[in-house]
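This report describes how parts of one protein chain pack and pair. Please keep the sequence and the 3D view at hand while reading.

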Amino acid sequence: MNAKEIIIITDGDLFARKAMDVISQQIGGVALTALADNPSKIDANTIIKAIQHIDAELIYVLIDDAGFSGVGSGEHILKTLAHEPSITIIGAVAVAAHTKNKEWTRISFAIDQDGNITSKGVNKEGIPIYDDKRINGDTVYLLDQLSIPTVVGIGDIGKMQGRDDVSKGCPITRKAIEMILERR
């Protein structure tokens, strides 16, 4: 059996779930939005079983710590998924939050609220910040400790001052996922 390819999305709120439902319809794959929450309440084994039963090559897994400092529920899920042999994490969309440097991760690059690729990080609104290749977020702590090939930093999914709205097709989040897929 070939390993299932997944993309981690570090947000699980209602906006993120709606965005990922739209994006999965646009570019393919299955978004596990029914298992997502803010914070993540489901355990990693349930997610692994769901992934193994999905007949799709690409699966999006939404995880969220809801601002919990340290390793929260979303990061526990991420850690388990990263060590599961039936799964290959091909990338992650690292969503910025207002954590004031408590938790951060290195990123491959970021996409700002205007859709521009930048080596700088971005904040929750998708506006570039001074940090090179780094963003602050509440479910990003473990990302750069794992072997994830492409980590794309973006602002808050489905928001970014309306520029990533579902009515617009979530262009920033979609671009982040397309760039991960190009690099796999």
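A residue is called buried if its relative accessible area is under 20%, exposed if that area is over 50%, and partly exposed in between. Glutamate 182, with a relative accessible area of 62%, is therefore exposed. The model discussed here is predicted.

**Nonpolar cores**

In soluble globular proteins, nonpolar side chains tend to be buried together. In this model the largest nonpolar core has 30 residues. Ile6, Ile8, Ile51, Val61 and Leu81 have the most contacts inside this core. Strands E1, E3 (58-62) and E4 (87-95) each give two or more residues to it, and so do helices H2 (44-53) and H3 (73-82).

Which residues does valine 61 touch, leaving aside its neighbours within four places in sequence? Valine 61 is in contact with Ile6, Ile7, Ile8, Ile9, Leu32, Ile47, Ile51 and Leu81. A second core, separate from the largest one, has 26 residues. Among its members are Ile9, Ile111, Met179 and Ile180.

**Two helices with a buried side**

Helix H2 has the buried residues Ala44, Ile47, Ile48 and Ile51. These four lie on the same side of H2, because they cover an arc of only 100° around the axis. The cover over the buried residues of H2 includes E1, E3, H3 and E4. On the face of H2 turned away from the buried side are the exposed residues Lys49 and His53.

In helix H3, the residues Gly74, Glu75, Ile77, Leu78 and Leu81 are buried. Their arc around the axis is only 155°, so they too are on the same side of their helix, H3. E1, H2, E3 and E4 are included in what covers the buried residues of H3. H2 and H3 thus appear in each other's cover: H3 is listed for H2, and H2 is listed for H3.

**Charged side chains**

Side chains of opposite charge can pair when their charged atoms come close. In this model the count comes to eleven salt bridges. Three of them are listed below.

| Acidic residue | Basic residue | N to O distance |
|---|---|---|
| Glutamate 5 | Arginine 184 | 2.7 Å |
| Aspartate 13 | Lysine 159 | 3.3 Å |
| Glutamate 182 | Arginine 183 | 3.6 Å |

Glutamate 5 and arginine 184 form a salt bridge at 2.7 Å. Glutamate 5 lies in strand E1 (residues 4-9) and arginine 184 in the segment after helix H4 (171-183), so this pair ties together parts that are 179 residues apart in sequence. Glutamate 5 is partly exposed, at 24% relative accessibility, while arginine 184 is exposed, at 53%.

Aspartate 13 and lysine 159 meet at 3.3 Å. This pair also links distant parts of the chain, 146 residues apart. Aspartate 13 is in the loop between E1 and helix H1 (14-27), and lysine 159 is in the loop between strand E11 (151-154) and H4. Is aspartate 13 buried or exposed? With a relative accessible area of 11%, aspartate 13 is buried. Lysine 159 is partly exposed, at 26%.

Glutamate 182 and arginine 183 meet at 3.6 Å. Glutamate 182 is exposed, as stated above, and arginine 183 is partly exposed, with a relative accessible area of 41%. Salt bridges that share partners also join Asp13, Lys124, Asp156 and Lys159 into one network.

**Aromatic rings**

How many aromatic pairs does a search of the whole structure find? The search finds zero. There is, however, a charged side chain at a ring: arginine 134 lies over the face of tryptophan 104, at 4.1 Å from the ring centre.

**Backbone details**

Most residues other than glycine have a negative phi, and most peptide bonds are trans. The peptide bond between asparagine 38 and proline 39 is cis, with omega about 5°. Proline 39 is in the loop between strand E2 (30-31) and H2.

Methionine 160 has a positive phi, near 50°, and glutamine 161 has a positive phi near 55°. Methionine 160 is in the loop between E11 and H4, and glutamine 161 is found in that loop as well. Methionine 160 is buried at 1% relative accessibility, whereas glutamine 161 is exposed at 54%.

How values were computed: Residues numbered from 1 in each chain as written. Predicted model: local features only at pLDDT ≥ 70, side-chain atom pairs only at ≥ 80, totals over all residues. Heavy atoms only, no water. Phe/Tyr/Trp six-rings, centres within 6.5 Å; stacked < 30°, edge-to-face > 60°. Lys NZ or Arg CZ within 6 Å of the ring centre and 35° of its normal. Salt bridge = Lys/Arg side-chain N within 4 Å of Asp/Glu carboxyl O. Buried < 20%, exposed > 50% of the residue type's maximum accessible area, 1.4 Å probe, protein only. Core = buried A, V, L, I, M, F, W, Y, C linked by side-chain atoms within 4.5 Å. Contact = heavy atoms within 4.5 Å. Arc of directions from axis to C-beta.
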